[in-house]
Number of protein chains: 2
Amino acid sequence: MSIPPRPLSTPPRSPSIQPDPSNVPPVGDLPTSELTRHGGRALDWIAAYLDHPERYPVLARVRPGELRAALPAQAPDAGEPLARILDDFEQLIVPAVTHWNHPGFLAYFGITGSIPGILGELLAAALNVNAMLWRTAPAATELEEVALGWLRDLLGLPAAFAGSIQDTASASSMVALAAAREAVPGLEARTRGLLGRPDQAPLVLYLSTEAHSSIDKAAIALGLGTDSLSKVATDPDYRMDVADLERRIAADRAAGKRPFAVVATVGTTSTTSIDPVPAIAAVCGRERLWLHVDAAYGGSAAVVPELRHILDGCQYADSLVVNPHKWLFTPMDCSALYCRRPSVLTGAFRLTPEYLRTTEAEAEATNLMDWGVSLGRRFRALKLWMVMRAYGREGLAARIREHLRLARIAATAVDAAADLERLAPVPFSTVCFRARPPDLAGQEDQEGVRLHLNALNAATLEAVNGTGEVFLSHTVLRERTTLRIAIGNLRTEERHVARALALVREHAARLDREQRPTALGRKP
Amino acid sequence: MSIPPRPLSTPPRSPSIQPDPSNVPPVGDLPTSELTRHGGRALDWIAAYLDHPERYPVLARVRPGELRAALPAQAPDAGEPLARILDDFEQLIVPAVTHWNHPGFLAYFGITGSIPGILGELLAAALNVNAMLWRTAPAATELEEVALGWLRDLLGLPAAFAGSIQDTASASSMVALAAAREAVPGLEARTRGLLGRPDQAPLVLYLSTEAHSSIDKAAIALGLGTDSLSKVATDPDYRMDVADLERRIAADRAAGKRPFAVVATVGTTSTTSIDPVPAIAAVCGRERLWLHVDAAYGGSAAVVPELRHILDGCQYADSLVVNPHKWLFTPMDCSALYCRRPSVLTGAFRLTPEYLRTTEAEAEATNLMDWGVSLGRRFRALKLWMVMRAYGREGLAARIREHLRLARIAATAVDAAADLERLAPVPFSTVCFRARPPDLAGQEDQEGVRLHLNALNAATLEAVNGTGEVFLSHTVLRERTTLRIAIGNLRTEERHVARALALVREHAARLDREQRPTALGRKP
């Protein structure tokens, strides 16, 4: 039976004759007038929010379960007006948000999803393409190549590095290490797997004690297990000790294990230390090990010409990850994974079932699904491209320089303060320090003082974060509880950094007075 | 040295005294007036785009490399105005887009990032929280729990199922199978890994020949290798043959291998067939195998009360994935991974370095980073929550029912047409068929005819897709090149389905006339 073809297109409808929202048929999307009306309200809300992020406490003042309890247990039967949903967004959701946009957000690594990036996300959500194949999203595929080419050049990485965007550095590193595993001669992990291989020695992956936990997770996911991790010692500045790396490799080989990869970090999570990549690369070259560089945070700083050197040696890396969503003003999520030999990586993952085969003409085109685990891929390149264009190379560098300047101010202030102690160098925009009452200077290594200082700083952190004015996070460096001020937010100014330090000093002094008699049996 | 604290907040600035964009200092974000102005333009563009998606050919008319060549090879030195970037978006990017919003997009699985979902993405990009820890994003963490609870109930899954949002079903299935691997007694994959384990038999993972390639990728990533996959035969309707599953398990056990998990599919990618989950679950229970259900596409249909039965047996699953970004009108990416024993899953991945530890009060709160590989996590729940509220249970069901109705119309038309042949049942909204000239009916199994029909349908597909009016994809079913019409777009109407069939018939008839003399040595 024949179905008569109808004309392809109906004439454009005028916006003025859009159906009334209260009268929408039960199929189809909402009318686009709803998008422009409520989208306009959302934009106005966002603008006011970004203009005055300090209205809100930076760390949400809710208890676990509080938002959940405020929401219905079940989805509504009938659709609700967008106006009501946006009301609830403002009244219920926002108060439960920890505000990464607050200029006092100095925890972990501060980030900014800048205005060009927000617009990019809006457009990407509207296009809603799936960039699994070139054919399904030529624009997303090629813009990903272009944007990552731009970024590669901004960072001074070799032109041979090809890239893809993953959601996070965790995924990027896992994918890179899967490629490293695939590159192990004779292992054929892709087909044969790792179990029941008595002829194959256990693999060893080297990383410093300061490397990110995502590397441990990658080893878990990839079936290597945490036992495969060899954690190399660090020097006094928390950089990988290359002599220890070499000793470990030799010992592992002697013990019948098989070293296969080293992860070097440019900008570790605790102190932002920079592993000596040139020396590590030399070891990797000699020992034929895959070199993966985790520059998720620090790498972006190479956009600043005078900081290019932070990526010295990275031209020899087999893979490298840098996260524009960390310090390149791009909204979550956007992690750039570069690979010097992309065919190894795609060889590990390429797998084309019949329903995803495309025609010969496209055989030379990139199919981004071959770059990792996820078949579906958002149009993440759009926001990154818009950010790089809107700021330009100079604008990106100026903003990173400003963060470096603010960190230097903080470090200088810490160094000058008798009641603060800096605990690590400051190669980037993160300052590690602690409160240390002046009269305890020189006694830090006494067990009682050490414990008191750790308790004092932990309590200070909670007190400072409780003010809602700033949010700091912590780490532990050589058994010392350490506070971190990490600057990565475009709205952070000198006054916020100064306020953070003032709050630490004020609360630490108070808490020291309260706690010292019990802790040390004496008053300050 | 003391840094004098400054007042925390400056008084709100009036929007009317926003700095002029041409005069923005080189640090800080763009002024928010840029967001509202250009965001308004973007919203207007999106509204016009969604009102008239048929302006564009559905499949982009660009050659590989064409967009790349049209863009500068390097990022600009100086920042560019947003107006120019949006101009380029419209003039360069959009023509290179394959339009998943086009109502004639009937390839793969049609999707819709609906208006409430687009607004959700806009707000999520603005908040730009990282939901790694409860503390860093209480709203995102709890809304993820709430939204997935709503969805679970909409689908009729047991309350014991806890969920998390992953980017794609590929990631969800990989994470689920990592949990399955972790649940293997004595294996301790997390710590000990899979290499150098002579005491551990190779694991076997069962899936049907129709299961999705993401399962193969998961086996690769997890270090099991494709050799660990046992592909179970299907019945004539492309459903897993449970007798074959049982035979394979018995044979593998007899051969000293270790069955550990079965992946059942509710809505396979080629034909949307539904594996007999109740029987598979019974086998898994008896054999103590992890049951993972891939309901990425089909699962959403359980929102329709009369289709609840498609998830029969899934209450016994250990894990289940359903993708709201596939058939629940949520923009990419949003994949819901449910787990009946979430502690097994989080036990496989939980790993808390010092810098991510939080205080005792929050120890009972969910930290979503424990649910998989990625530490960073966008606020993906917001769009899903907004979609479920804006449409409500009834609205979601009505829209899915409409797609089922359109698919029935297509199937009926195929069945009634002498020159079309349906090749699989239609349990959901996808129709598998091919062009088959009427005079070749009954001769399909002759080798020459079979090859001619495959070539004819491949050529027909390219010709139809070349019109720009519709986009179909293909698969191969029992060596027959098969065309698919997959309805999942809220803008698709009867006329688009009818047009797709008419185009197939028209081009197939023409191509048959052209090709048959060469292919079969005779005219049609």
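**Entry 1: the two chains.** I began with the surface through which the copies meet, and noted that 99% of the interface residues of chain A are also interface residues in chain B, so the copies meet through the same surface. I keep in mind throughout that this is a predicted model. Counting the contact itself, I found 165 residues from chain A and 164 residues from chain B. On the side of chain A that touches chain B, helix 1 (residues 32-51) of chain A gives the most, with 15 residues. By class, I split that side of chain A into 86 nonpolar, 42 polar and 37 charged residues.

I then looked up the symmetry, and a turn of 180° with a shift of 0.0 Å along the axis lays chain A on chain B with an RMSD of 0.0 Å. The two copies are thus related as by a two-fold rotation axis.

**Entry 2: a helix pair across the interface.** I next took helix 4 (residues 115-127) of chain A together with helix 1 (residues 32-51) of chain B, whose axes come within 10 Å and cross at roughly 10°. Since angles under 35 degrees count as roughly parallel, I recorded helix 4 of chain A and helix 1 of chain B as roughly parallel to each other. From helix 4 of chain A the contact draws on residues including I115(A), I118(A), L119(A) and L122(A), while helix 1 of chain B contributes, among them, L35(B), H38(B), A42(B), I46(B) and Y49(B). The residues of this helix contact came out as 10 nonpolar, three polar and one charged.

**Entry 3: domains within chain A.** I noted that chain A is divided into domain 1 (40-72 + 81-111 + 417-524) and domain 2 (119-389), and that the C-alpha centres of these two domains of chain A lie 31 Å apart. Where they touch, 12 residues of domain 1 of chain A are in contact with 15 residues of domain 2 of chain A. On the domain 1 side, the elements giving two or more residues are strand 9 (430-435) and strand 10 (473-477) of chain A. I sorted that side into nine nonpolar and three polar residues, with no charged residues.

**Entry 4: one residue, D252(A).** I finished with D252(A), which I located in helix 9 (residues 242-254) of chain A. I counted 18 other C-beta atoms within 10 Å of D252(A), which makes this residue partly exposed, as fewer than the 20 needed for buried and more than the 12 allowed for exposed. Leaving aside residues up to four places away in sequence, D252(A) touches V204(A), S230(A), K257(A) and P259(A). I also noted P202(A), which is 50 residues from D252(A) in sequence but 9.8 Å away in space, C-alpha to C-alpha.

Definitions and conventions:
Residues numbered from 1 in each chain as written. Chains lettered and ligands numbered in written order. Predicted model: local features only at pLDDT ≥ 70, side-chain atom pairs only at ≥ 80, totals over all residues. Least-squares fit on C-alpha atoms with pLDDT ≥ 70 in both. Contact = placed C-beta atoms within 7 Å. Helix = DSSP H or I, 4+ residues; strand = E, 2+ residues; numbered from the N terminus. Nonpolar A, V, L, I, M, F, W, Y, C, P; charged D, E, K, R; others polar. Domains from an automatic or database assignment. Axes fitted to C-alpha atoms, helices over the stretch in contact; angles between N-to-C directions. Parallel < 35°, antiparallel > 145°, perpendicular 65-115°, else oblique.
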